Amino acid sequence: MKFRPQFLEDFAVAGTIQDYVVSMLCGLDGCVMTPQNAASWGFFNTSSNQWNIDILKGAGFPLHLLPKCVSSGGVAGHTCSEWHGIPAGTPVGAALGDFQCSVYSCMSARTDAGLNSWFVPLALTVLNISTSSQLTYAMPADFRPPDSPQPTSPISYFPYFEDTYLAVAASLNGGNVLATFVEMLAAWMRDLGADPSESCLYQKLIHCALNQATSDLQVSPTILGERHNPLCLGQVTNISPSNLSLGNVTRALCRGILKNIFTMMSADHLQHAGVTKIVGSGSAIARNEILRQEVEKAFSQPVIYGQNADSAVGVAMVFCDRS
């Protein structure tokens, strides 16, 4: 708008890629967006569910591009033609946030849902470790986030459903740290003249760590930094001749991943929030028994598995529950 205003002349509306797909399916001239996606743009007030018009206007933002917002779980329109066997006139939901739908998919039986099936109950926390890692729980219905951003806080508040929020500790470091460790070992072994497969290495590391119940090695695995502290990189401390085996290092690395996210959202914080149950999900947890052992050591609450976060399943559940 400031340096190339002519570039915007060909555009009538802005949206995310999933909002674009919804607009195409419905044949909409404009764009419909939910607060879950709007909040990710950074200039949307989730308490009032409105764009920060005054601030944007003062900054010279092209306000005519902003999409219309509808409630999360609301309908954006209807299919304008038959599409892959789906008949014309079928209701199409407005696109939802990937993370929110992943959390929604982790709900177990409807008895877990407290007042109704719409909410992850306050007593339930979802720990997801796949490429990165997240620890989250639903806030009370009357909760409202701070008016101004808190960039140094490790906890963010994501809009969820029915004007509620998720408290989220979202770490940049999870299964990607283990993958980097395996890649490093594979590269070292190639330099030494061996060429093992990374999948074989991964299984051997887990086997070695299973034979190493504890380790006094301390690993801080924040090799990618964190959003609230981007300059905090990884460290290995308390190194001694007796704790350098592969089993020791692997065990300490897995424990470090859990300890890191626990520093972002502590046990005391979860206890104060009334959390009584942990749902463990994600590909890294599913494939790594050491991570599961360390999860169970880290939490005093019972941990249940087998309900992997899946945003596609979650969005289907959302609209089935609304129909």
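Asn-128 stands opposite Ser-281 in S13, and this pairing is a convenient place to enter the predicted model. Strands S7 and S13 run in the parallel sense and are joined over 5 bridges. On the other flank of S7, the pairing with strand S8 (residues 133–138) is antiparallel, again over 5 bridges. Here Ile-129 faces Ser-133 in S8 as its opposite number. S7 and S8 make up a hairpin, with 3 residues between them.

How much of S7 is buried? The strand is mostly covered, with 6 of its 6 residues buried. Leu-124, Val-126 and Asn-128 point one way from S7, while Thr-125, Leu-127 and Ile-129 point the other way, and all are buried. Asn-128, the residue opposite Ser-281, thus takes its place in a strand with buried residues pointing both ways.

Stepping back to the whole sheet, S7 belongs to an open arrangement of 6 strands in the order S9-S10-S8-S7-S13-S14, with mixed pairing. S9 and strand S14 (303–304) stand at the edges with a single partner strand each, so one side of each has no neighbour in the sheet. At the S14 end, the partner is strand S13 (residues 277–281), and the two pair in the parallel sense over 2 bridges. Val-279 has Ile-304 in S14 as its bridge partner.

Attention now turns to the helices. Helix H5 (residues 175–191) has 17 residues and reaches 25 Å from its first C-alpha to its last, close to the 24 Å expected at 1.5 Å a residue. Its buried residues are Gly-175, Asn-176, Val-177, Leu-178, Phe-181, Val-182, Leu-185 and Ala-186. What covers these residues? The cover includes strand S7 (124–129), along with helix H6 (198–210), helix H7 (246–264), helix H9 (283–287) and helix H10 (289–298). S7 therefore appears both as a strand of the open sheet and as part of the cover over the buried residues of H5. Just after H5, Gly-193 takes a positive phi of about 100°.

Helix H11 (residues 311–322) has 12 residues and spans 17 Å from first C-alpha to last, close to the 16 Å expected at 1.5 Å a residue. Within H11, Gly-314, Met-317 and Val-318 are buried. These three cover an arc of only 105° around the axis, which puts them on the same side of H11. The face turned away from that buried side carries the exposed residues Ala-312 and Cys-320. H4 is included in what covers the buried residues of H11.

H4 also contributes to the aromatic contacts, of which a search of the whole structure finds 13 pairs. One of these is formed by Trp-41 and Trp-51, whose ring centres are 5.7 Å apart and whose planes meet at 40°, so the pair is tilted. Trp-41 lies in the loop between helix H2 (35–39) and strand S2 (44–45), and Trp-51 in strand S3 (residues 50–51), so the pair ties together parts that are 10 residues apart in sequence. Are these two residues buried or partly exposed? Trp-41 counts as partly exposed at 26% relative accessibility, whereas Trp-51 is buried at 11%. Ring pairs link both of them with Phe-43, Phe-44 and Phe-61 into a cluster.

A further pair is that of Phe-99 and Phe-158, which is edge-to-face: the rings are 5.5 Å apart centre to centre, with 75° between the planes. Phe-99 lies in helix H4 (residues 98–105) and Phe-158 in strand S9 (residues 156–159), so this pair ties together parts that are 59 residues apart in sequence. Phe-99 is buried, with a relative accessible area of 16%, and Phe-158 counts as partly exposed at 27%. The strand that holds Phe-158 is one of the two at the edges of the open sheet.

Charged groups also sit over aromatic rings. Arg-4 lies over the face of Phe-7, at 5.1 Å from the ring centre, and Arg-287 lies over the face of Tyr-202, at 5.2 Å from the ring centre.

Finally, Asn-229 is found in the loop between strand S11 (218–220) and strand S12 (235–237). The residue counts as partly exposed, at 35% relative accessibility. Asn-229 and Pro-151 are 78 residues apart in sequence, with 8.8 Å between their C-alpha atoms in space.

Terms used
Residues are numbered from 1 along each chain as its sequence is written. This is a predicted model: local features need pLDDT of at least 70, side-chain atom pairs count only at pLDDT 80 or more; totals for chains, interfaces and linings use all residues. Side-chain values use heavy atoms; hydrogens and water are left out. Rings of Phe, Tyr and Trp (its six-membered ring) pair if their centres lie within 6.5 Å; planes under 30 degrees apart count as stacked, over 60 as edge-to-face and the rest as tilted. Helices (H or I, at least four residues) and strands (E, at least two) are DSSP runs, numbered from the N terminus. Buried means under 20% relative accessible area, exposed over 50%, partly exposed in between (1.4 Å probe, protein chains only). A charge sits over a ring if NZ of Lys or CZ of Arg is within 6 Å of the ring centre and within 35 degrees of the ring normal. The expected span of a helix is 1.5 Å times one less than its number of residues. The arc is that of the directions from the helix axis to the C-beta atoms. Contact means heavy atoms within 4.5 Å. Two strands pair if DSSP finds at least two bridges between them.
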